[in-house]
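Student: Please pick one part of this model and look at it closely. Then work outward from there in one connected answer.

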Amino acid sequence: MTHYLDFEKPLAEIEGKAEELRAMARTNEEMDIEKEAAALDRKAADMLKDLYKTLTPWRKCQIARHPDRPHCKDYIEALFTEYTPLAGDRNFADDHAVMGGLARFNDRPVVVIGHEKGNDTQSRIAHNFGMARPEGYRKAIRLMEMADKFNLPVISLVDTPGAYPGKGAEERGQSEAIARSTEKCLQIRVPLVSVIIGEGGSGGAVAFATADRLAMLEHSVYSVISPEGCASILWKDAEKMREAAEALRLTAQDLTKLGVADRVIQEPLGGAHRDSDAAVTAVGKAIQSLLSDLDSISRKDLVKQRHRKYLKVGSRGLAA
């Protein structure tokens with residue numbers, strides 16, 4: 001069953017009518033409804049184009065959070081071979097919100113790390129809705145250190161509303177773990193490519209995305225705070241999330257202009273959730289291209305260029 005967002009309700013009605021007609025035809029072979037159904041399909045296709053032609057930042061947030069978007073696990077299964085997950089931070093526990101390990105990407109040995117949200121109620125609870133605890137970031141640090149030791153490129157897939165804000169996470173050093181993970185991203189002497197595949201929320205995303213090259217899916221978002229959180233702080237009203245989304249400049253298009261993101265990966269019409277295979281393929285091609293750009297840079301120069309890249313962030317100003 002297709003999950004429709006609030007602004008897609010008119011589209012849901014048209015596609016629902018077309019499906020009703022076809023369901024009636026399946027129960028009565030004498031009915032000829034194909035012309036009517038095809039006309040509804042054309043109308044739905046035109047409406048889909050119109051809806052996605054001029055999306056507001058808030059609508060992009062809704063698409064980025066769509067439950068049917070491909071998640072980290074989907075990308076790993078489709079793009080990587082010989083994936084060997086590595087668990088635990090060698091200190092406290094294994095965090096299921098963060099998955100990662102050794103794998104091959106186009107037959108090249110790499111380390112892959114990402115946030116996993118889960119795709120149904122049970123798996124979302126198991127993965128804590130993609131909100132990592134300190135041990136998740138410490139696991140990522142361990143994997144990045146291994147990549148640096150064995151000269152393996154790191155690929156990170158970011159999709160999190162933010163780090164888990166629970167009491168236990170704070171007691172175990174949540175902010176310190178995020179800072180150390182961000183620091184490790186800046187220190188490793190191997191290529192680091194990151195892709196925002198859905199939500200890039202707060203420090204929980206920065207800890208994986210401080211990369212040599214940062215790509216964002218067309219309808220993904222990346223921000224220091226969620227629009228709801230921003231609205232609650234600034235206006236004491238979470239319902240002003242639409243205004244907050246506009247002000248935060250969190251879309252892939254805005255962040256590319258500001259020099260935060262390096263590439264926008266085009267999604268299928270209607271978002272990645274409407275054609276997961278096409279979205280995954282596009283991400284794979286982008287990762288390959290970005291890794292190729294970094295192959296000719298020495299390990300020493302990689303670190304220097306990465307530092308310069310992040311020291312320049314914001315230099316273009318909001319007028320960009």
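Tutor: L55 touches F7, K60, I63 and H219, leaving aside residues up to four places away in sequence; contact here means heavy atoms within 4.5 Å. The model is a predicted one, where local features need pLDDT of at least 70, side-chain atom pairs count only at pLDDT 80 or more, and totals for chains, interfaces and linings use all residues. Residues are numbered from 1 along each chain as its sequence is written, and side-chain values use heavy atoms, with hydrogens and water left out.

Where does L55 sit? L55 is in the loop between α2 and α3. Helices (H or I, at least four residues) and strands (E, at least two) are DSSP runs, numbered from the N terminus. L55 has a relative accessible area of 14%, so it is buried. The cut-offs are under 20% for buried, over 50% for exposed, and partly exposed in between, with a 1.4 Å probe and protein chains only. H219 is 164 residues from L55 along the chain, yet their C-alpha atoms are 9.1 Å apart.

K60 and I63, two of the residues that L55 touches, are among the buried residues of α3. Helix α3 covers residues 57–64. Seven of its eight residues are buried, so α3 is largely enclosed by the rest of the structure. Those seven are P57, W58, K60, C61, Q62, I63 and A64. What covers them? The cover includes α2, β5 (192–201) and β7 (221–223). It also includes α10 (227–234), α11 (241–248) and α12 (252–257).

Now take F7, another contact of L55. A search of the whole structure finds three aromatic pairs. Rings of Phe, Tyr and Trp (its six-membered ring) pair if their centres lie within 6.5 Å; planes under 30 degrees apart count as stacked, over 60 as edge-to-face and the rest as tilted. F7 and Y52 make one tilted pair, at 5.9 Å centre to centre and 55° between the planes. This pair links distant parts of the chain, 45 residues apart: F7 is in the segment before α1 (9–27), and Y52 is in helix α2 (residues 34–53). Both F7 and Y52 are buried.

A further pair is Y137 with F208: ring centres 5.7 Å apart and planes at 65°, so it is edge-to-face. Y137 is in helix α6 and F208 in helix α9, 71 residues apart. Y137 counts as buried at 0% relative accessibility. F208 is buried too, at 2%.

Those two helices pack together. Helix α6 (residues 134–149) and helix α9 (residues 202–209) meet at an angle of about 10°, with axes 11 Å apart. Axes are lines fitted to C-alpha atoms, for helices over the stretch in contact, and angles run from 0 to 180 degrees between N-to-C directions. The angle makes α6 roughly parallel to α9. Angles under 35 degrees count as roughly parallel, over 145 as roughly antiparallel, 65 to 115 as roughly perpendicular and the rest as oblique. On α6, the contact uses Y137, A140 and M144. On α9, it uses G204, A207 and F208. An α-helix has 3.6 residues a turn, so residues three or four places apart point the same way. By class, the contact has five nonpolar residues, one polar and no charged. Ala, Val, Leu, Ile, Met, Phe, Trp, Tyr, Cys and Pro count as nonpolar, Asp, Glu, Lys and Arg as charged, and the others, Gly among them, as polar.

P134, in α6 by its numbering, is touched by A169, as are Y164 and Q174, again leaving aside residues up to four places away. A169 is in helix α7 (residues 167–171). Its relative accessible area is 2%, so A169 is buried. Y164 has another partner: R133 lies over its face, 4.6 Å from the ring centre. A charge sits over a ring if NZ of Lys or CZ of Arg is within 6 Å of the ring centre and within 35 degrees of the ring normal.

Last, the loop between α5 (121–126) and α6 holds N128. N128 is not a glycine, yet its phi is positive, about 55°. At 11% relative accessible area, N128 is buried.
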